[in-house]
Amino acid sequence: MANVLVWTVWVIAAFSCLASGIAVVSFSNPFFSALALIGNLASLAVLYLLLSAEFVAAGQVLVYAGAVMVMFLFVTAYLGGRADAPWAGGPSWQQFGAVLAAGAILVEVIVVIGLKAGGRLSHEARIDSGFGSPHRIGRVFLTDHLLAFEITSIVLLVAAVGSVILGAHSRRSETTGELVHNEEARART
Amino acid sequence: MSEPWWISAIKGFVIINIVLLTFAYTTLLERKALGRMQLRYGPNRAGPYGLLQPIADLVKLVRKESFFPTAAIDIPYILAPVVSAFTALAAFAVIPFGNGWNIWRYHVNGVVANVPISLILVFALGSIGIYGFIVGGWASESKYSLLGSMRTCAQLVSYEVSLALSVLGVVITAGSLSLVDIVHNQAHSLWYVVPQAVGFLVFLISGVAETSRAPFDLPEAEQELVAGYHTEYSGMRWGLFQMAEYVNMITLSGLAITLFLGGWHFPFAHGVDFLGPLWFFLKLLALLFVFIWLRATLPRLRYDQLMSFGWKILLPVATVNALITALVVVWAN
């Protein structure tokens, strides 16, 4: 009974993951693409839940599907022109190349998984009750993966400082008309 | 303790209905209290003391024509209020309202779903609920709606950060992300509102902003934006948005009670803990009244004031509060 439930949820989540992923790249309206990406991240979160990683799933929804994608929607709603039909697509040779590349990567992934983990997939992994808890994840972050964790934080800090500098710069040029003029002239040439 | 699935289902059904009833009568309480504070009576025609006013409002909303703008994009336009209302109602599932009872052969927990990371779940549901407001405003294809949803988006994203940081102090002190554990930890110690007074203030202020209530109701500033993101909605679709806002306010008050005000515990006594839901409800009413009181008292902020207050005052205060709490907890251990 429980096994059937897990399989059903897995199949639904996996297919909605694939479908929304295809939708992200095939919608021509960026707003719909962003909505599909939210669906994609949410179905990934369901897959994490099936792997007993509740904290990662909740973090995925909170950070990526929630906070990050809000920014995407904000920008596309402000800037994006609204094509009414979500389906339009780019040039056909681009689509052809994209499908070819995606197929190649899929084959590669299947081959690598088959070679590396062929025998182990049939067994169920043994996990204890503390698996995936915030406590355990925090410990791993601050011991085994400390370097990656800290480097990521520095990268994010640089990005934040960079965006502040970019924003401050454009504001200054709004107040002094001379500077804007020079920059516009530079941009035109 | 585990319980059969059907007990959880019954509890979920009962809780959703109680929350909806609370929502309906919060609107009445709000109109009554606002009326009294402005030296008038408020609604007093439908039933004794106007007590049937929410029912009358509901009948009116259901029977009203659901206006559909020709330019609106249909699927997002219809789904947006559903998403908002669903996430608002779902969040209440993890808020504990009692100690649990032994009824006949079964043990009934005082919470619909006891998840170890329930606090994060509430925030995750809240962050999904924002999409209802944004997508609804965008799909209405009206400038007022779009501007309103942009304001909602900017405001909610800004204040979500300080809201999350303000509860960090409680999480560090309690050492758990489970709301049930947090309530249990407050049983035999001071309620966290005392050691985390700064966190409580930041939580309350950003909570008012998160639910777009006055003085932070810029997304719906009627003088500037007609009604913000729900300008083009009418009938029960508008009702769903309104319900989402009020239920968010109720959930947020419930969260504040759980995190800072001892949850369902009665102050200084544990003999009456079996009446947990009653104490919880009384605290909830008091907090809801504070929300209404704020609306009656404070004028709306300007947009730049809202942003600079959120980023330059609230966020640093919340961060410093979390840092100091962490230092104190580490030092005490």
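The points below concern chain B, its interface with chain A, and the surroundings of B:Ser140.

1. This is a predicted model, in which local features need pLDDT of at least 70 and side-chain atom pairs count only at pLDDT 80 or more, whereas totals for chains, interfaces and linings use all residues. Residues are numbered from 1 along each chain as its sequence is written, chains are lettered from A in the order in which they are written, and side-chain values use heavy atoms, with hydrogens and water left out.

2. The secondary structure of chain B comes to eleven helices and two strands, where helices (H or I, at least four residues) and strands (E, at least two) are DSSP runs numbered from the N terminus. Along the sequence, the pattern of chain B reads α-α-α-β-β-α-α-α-α-α-α-α-α. With a radius of gyration of 20 Å, close to the 20 Å that the globule rule gives for 333 residues, chain B is as compact as a globular protein of that length; the radius is taken over C-alpha atoms, and the rule is 2.2 Å times the number of residues to the power 0.38.

3. Of the 333 residues in chain B, 53% are buried, a term that stands for under 20% relative accessible area with a 1.4 Å probe, protein chains only.

4. At the interface, 21 residues of chain B are in contact (heavy atoms within 4.5 Å) with 21 residues of chain A. The two chains bury about 2,000 Å² between them, 83% of it on carbon and sulfur atoms, this area being the accessible area (1.4 Å probe) that two parts lose on being put together, summed over both. B:Tyr131, B:Trp138 and B:Met150 supply 33% of the area that chain B buries against chain A, more than any other three residues.

5. Zero salt bridges are found across this interface, the rule being a side-chain nitrogen of Lys or Arg within 4 Å of a carboxyl oxygen of Asp or Glu. Helix H4 (118-139) and helix H5 (143-174) are the elements of chain B that give two or more residues to the side touching chain A, and H4(B) provides the largest share, ten residues.

6. B:Ser140 lies in the loop between H4 and H5 of chain B and is buried, with a relative accessible area of 1%. Its side chain reaches the backbone oxygen of B:Gly136 at 2.7 Å. Beyond its neighbours within four places in sequence, the residues in contact with B:Ser140 include B:Pro69, B:Tyr77, B:Tyr229 and B:Glu232.

Terms used. Buried < 20%, exposed > 50% of the residue type's maximum accessible area, 1.4 Å probe, protein only. Polar contact = N/O pair within 3.5 Å; in protein donor to acceptor, adjacent residues only side chain to side chain.
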